[in-house]
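User: Please take a close look at a single part of this structure, the surroundings of ligand 2. Which residues surround ligand 2, and what polar contacts are found there?

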Amino acid sequence: MAGSGELKLLGAWTSPFVIRVRVVLNLKSLPYEYVEENLASKSALLLGSNPVRKSVPVLLHGGRPVNESQVIVQYIDEVWSGADRPSVLPSDSYERAVARFWAAYVDDKVGPAWLAILFLSKTEEERAEGVERAVAALETLEGAFADCTKGKPFFGVDGIGFVDVVLGGYLGWFTAIDKLIGRRLIDPARTPLLAAWEQRFRTAEAAKGVVPNDADKLLAFRETLLGAPLDIFQNRVTL
Ligand SMILES: N[C@@H](CCC(=O)N[C@@H](CS)C(=O)NCC(=O)O)C(=O)O
Ligand SMILES: *[C@@H]1O[C@H](CO)[C@@H](O)[C@H](O)[C@H]1NC(C)=O
């Protein structure tokens with residue numbers, strides 16, 4: 001059992017990648033010290049822990065850094081795997097491969113579209129194109145949800161799982177996007193299963209206080225980033 005001194009998470013409250021790790025730490029009921037990073041002025045601890053990527057999240061376990069959000073989530077799931085802890089990945093190898101496939105799909109398709117809509121598009125046209133790419137990816141995920149879950153509330157086996165936390169990390173920003181574009185990205189008409197899933201995920205105990213729900217606060221944060229040097233985005237483009 002991890003004492004709170006044993007786990008330290010370097011993060012940023014807005015980061016989809018950090019949020020997914022925090023949801024998993026909550027699911028596993030693991031106490032941890034959370035350190036909020038200013039990405040415009042990274043701490044010596046972050047630069048020393050992840051000199052290659054210099055990105056958050058970084059999980060320090062007994063002082064040793066684990067990097068890359070999907071890797072961190074799988075690490076936590078492996079280390080704290082007792083019967084008293086809910087599993088994030090399925091126990092069956094094939095099912096695990098399927099979950100990893102869809103999680104990779106989310107970061108390959110939804111991630112870059114999210115970045116384009118909020119930060120990289122220079123014209124309304126480019127933003128609309130980003131929205132279309134995001135919606136198309138979400139429609140594919142809607143199909144996967146129907147096939148994989150067969151009526152269950154989450155992608156995971158017994159509740160919130162790997163694909164749920166990977167996609168769920170973006171939900172705060174989706175609310176901000178909704179406000180920006182004047183309609184819902186997870187459109188109940190085009191992706192009804194995901195729209196219902198979104199509600200369940202947001203209100204889940206493990207997501208509370210971790211998935212941001214204040215669109216205005218996120219949009220204000222976005223304004224500060226838009227004025228920042230572009231190198232803040234460099235890591236994020238190579239998800
Ligand atoms: N693939 C990485 C992406 C992490 C990432 O892009 N983090 C951003 C915050 S959202 C970051 O630390 N950016 C700072 C930088 O790239 O300099 C992961 O999944 O952990
Ligand atoms: C974390 O990243 C650093 C380089 O940034 C590397 O030295 C370290 O081995 C990584 N840890 C893991 C578990 O991958």
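Analyst: The account below describes the surroundings of ligand 2. This is a predicted model, in which local features need pLDDT of at least 70 and side-chain atom pairs count only at pLDDT 80 or more, whereas totals for chains, interfaces and linings use all residues. Residues are numbered from 1 along each chain as its sequence is written, chains are lettered from A and ligands numbered from 1 in the order in which they are written, and side-chain values use heavy atoms, with hydrogens and water left out.

Ligand 2 is surrounded by Ser49, Asn50, Pro51, Val52, Pro65, Val66 and Asn67, a residue being near a molecule if one of its heavy atoms lies within 4 Å of it. Strand S4, residues 64-67, supplies the largest share of this shell, three residues; strands are DSSP runs (E, at least two residues) numbered from the N terminus. By class, the shell holds four nonpolar, three polar and no charged residues. Here Ala, Val, Leu, Ile, Met, Phe, Trp, Tyr, Cys and Pro count as nonpolar, Asp, Glu, Lys and Arg as charged, and the others, Gly among them, as polar.

Polar contacts are pairs of N or O atoms within 3.5 Å. A polar side-chain atom of Asn67 lies 2.3 Å from an oxygen atom of ligand 2. From the backbone, a polar atom of Val52 is 2.9 Å from an oxygen atom of the ligand, and an N or O atom of Pro51 lies 3.1 Å from an oxygen atom of ligand 2. On its own, ligand 2 has 360 Å² of accessible area, of which the protein covers 53%; such areas come from the Shrake-Rupley method with a 1.4 Å probe.

Note on methods:
A polar contact is a pair of N or O atoms within 3.5 Å; within protein, one must be able to donate a hydrogen and the other to accept it, and residues adjacent in sequence count only if both atoms are side-chain atoms. Helices (H or I, at least four residues) and strands (E, at least two) are DSSP runs, numbered from the N terminus.
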